[in-house]
Each structure stands twice: as structure tokens, then as C-alpha cells.
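Visitor: I am new here. Please walk me through this structure and give the reasoning behind each label.

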Amino acid sequence: MSAAELTALLMFCTAMSFSPGPNTTLSTALAANLGLKRALRFCLAVPAGWTLLMLGSGLGIGALVVGIPALRWAVKLLGVAYMLWLAWRLARSGSLAQVDASRLNVTFAQGVALQFLNIKAWMLALTLTAGWVVNAAGQPAPNPGERLAIICGVMVAFAFTSNFTYALVGSLLRQWLAHGKRLLWFNRALAAVLVATAAWMLTV
């Protein structure tokens, strides 16, 4: 991979990874409600799930998801339903005690699975596959396997760093949010972001 291609890849990954989305929103919410240690599991699940998604896309599975309307809609609707369910649980938590009681949590397996229910993640994986894996500066790549490995490594770093950064912000706000109804309105704001993301996914 040339220096120009790598630079473009890093810029693309920075923009996509650090912009707000379902993963970063959940990382922030989990850390604010449950603490950084509990959110770390999800921060590790995102790059694990995304790597599996990228490998699947590189092997052609992503093209099937996007190319078959019924399958594409199944991914969309399952992803939307899951995010709305998370938003509902999040919006009902108004204090740290309530959060612990209602077990507002996302397991490692759920975090991995969420990547496969995000149509935006599928489109991103397909973009990376088309732009960097099978193509090299406009020509068919002679080493797609090596390029896929490089992209997976880059995305693991970006996926973890971006989600951990958002989780760190959430954890730093944790004590401030514990007073009054601050946590309730914070959770409702994040729930609204999840709902908006779910609505946007239906248009992709």
C-alpha cells in the first residue's frame, strides 16, 4: 500500500470512527452510567465485531447483504429494533442506583453482534473493500489479502481508540451527572441520538 493510499485510509478512518454513532453513543452511556471499567468490555467488542465484519465483507459476504434487498432490510430492521430497545432502557435510567438495578448493560457478545446489525458499518466495510482491498490506486490490487490485513489492523486501532475516548468522557462526567436529574436528561439525550441514528439507518 502506497503512502498516498495509507494517508487517505487514515483520514477516512479518523472521520468515520470519531464521528458520533451508535457505538460511540453507547460507549459514552455505559461509562457515564456504569463506570469506565464496565464500558471497557464494549470498547473491546466493537473492534472485535468490526474485524469480523470487515473480513466477511472482504470475502464477499457484504456484497450479498447489500445486493439482496430482503437480507439488507432484515439487517436494517434488526439493527433499528435493537437500538430502539437500548434507547428505551437508557431513557428510563435517572440515577446511578436505578442503572445498577435495571442492569443497563451490553455484553461483549452483544457488542460484537451489534456491528452486524449496523447497515452503516456494512456500507463502510464495503467502501473499504472496494477502495483499498481490491483496488490499488485505480488498478486491481495484486495483494488483496495483505491489504485486507492492513485495513483490519488500522480499523482495530481506530475502533478501540474512538470508543475508549468517548467512554473516557462519559466516565469523567459520571460524578457530575450523579446530582439531581442530570443523569436522567443526559441519558435521554443519548437515547435521542440512538433513535435518530436508527431513523437514519432506515434511509441508507
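Guide: Start with a cut-off: buried means under 20% relative accessible area, and exposed means over 50%. One more point before we go on: this model is predicted.

Visitor: Why is S27 called buried?

Guide: Set the value against the cut-off. S27 has a relative accessible area of 0%. Buried means under 20%, so S27 counts as buried.

Visitor: Where does S27 lie, and what does S27 touch?

Guide: S27 lies in helix α2, residues 22–34. Leaving out residues up to four places away in sequence, S27 touches A39, F42, C43, N163, Y166 and A167.

Visitor: What makes R38 partly exposed?

Guide: Its relative accessibility is 37%. Partly exposed is the range between under 20% and over 50%, so R38 takes that label. R38 sits in helix α3, residues 36–58. The C-alpha atoms of R38 and A167 are 9.8 Å apart, with their places 129 residues apart along the chain.

Visitor: How do you know that the span of α8 agrees with a helix of 15 residues?

Guide: Helix α8 covers residues 119–133. The rule takes 1.5 Å times one less than the number of residues. That gives an expected 21 Å, and the end C-alpha atoms are 20 Å apart, so the two agree.

Visitor: Which residues of α8 are buried?

Guide: They are I119, A121, W122, L124, A125, L128, T129, W132 and V133.

Visitor: Why are α5 and α11 called roughly antiparallel?

Guide: The axes of α5, residues 69–91, and α11, residues 182–203, cross at roughly 170 degrees. Angles over 145 count as roughly antiparallel, so α5 is roughly antiparallel to α11. Their axes come within 8 Å.

Visitor: What residues make that contact?

Guide: From α5, they include W73, L77, V80 and L84. From α11, they include L184, L190, L194 and M201. By class, the contact has 17 nonpolar, 4 polar and 2 charged residues.

Visitor: How do you know that the radius of gyration agrees with a compact globule?

Guide: For 204 residues, a compact globule would have a radius near 17 Å. The protein has 18 Å, so the value agrees. The C-alpha atoms fill a box of roughly 60 × 35 × 25 Å along the principal axes.

Visitor: How many helices and strands does the protein have, and what share of residues is buried?

Guide: There are 11 helices and 2 strands. Of the 204 residues, 45% count as buried. Among contacts between residues at least 6 apart in sequence, 83% join residues at least 24 apart.

Terms used. Residues numbered from 1 in each chain as written. Predicted model: local features only at pLDDT ≥ 70, side-chain atom pairs only at ≥ 80, totals over all residues. Heavy atoms only, no water. Helix = DSSP H or I, 4+ residues; strand = E, 2+ residues; numbered from the N terminus. Buried < 20%, exposed > 50% of the residue type's maximum accessible area, 1.4 Å probe, protein only. Axes fitted to C-alpha atoms, helices over the stretch in contact; angles between N-to-C directions. Parallel < 35°, antiparallel > 145°, perpendicular 65-115°, else oblique. Contact = heavy atoms within 4.5 Å. Nonpolar A, V, L, I, M, F, W, Y, C, P; charged D, E, K, R; others polar. Rg over C-alpha atoms; globule rule 2.2 N^0.38 Å.
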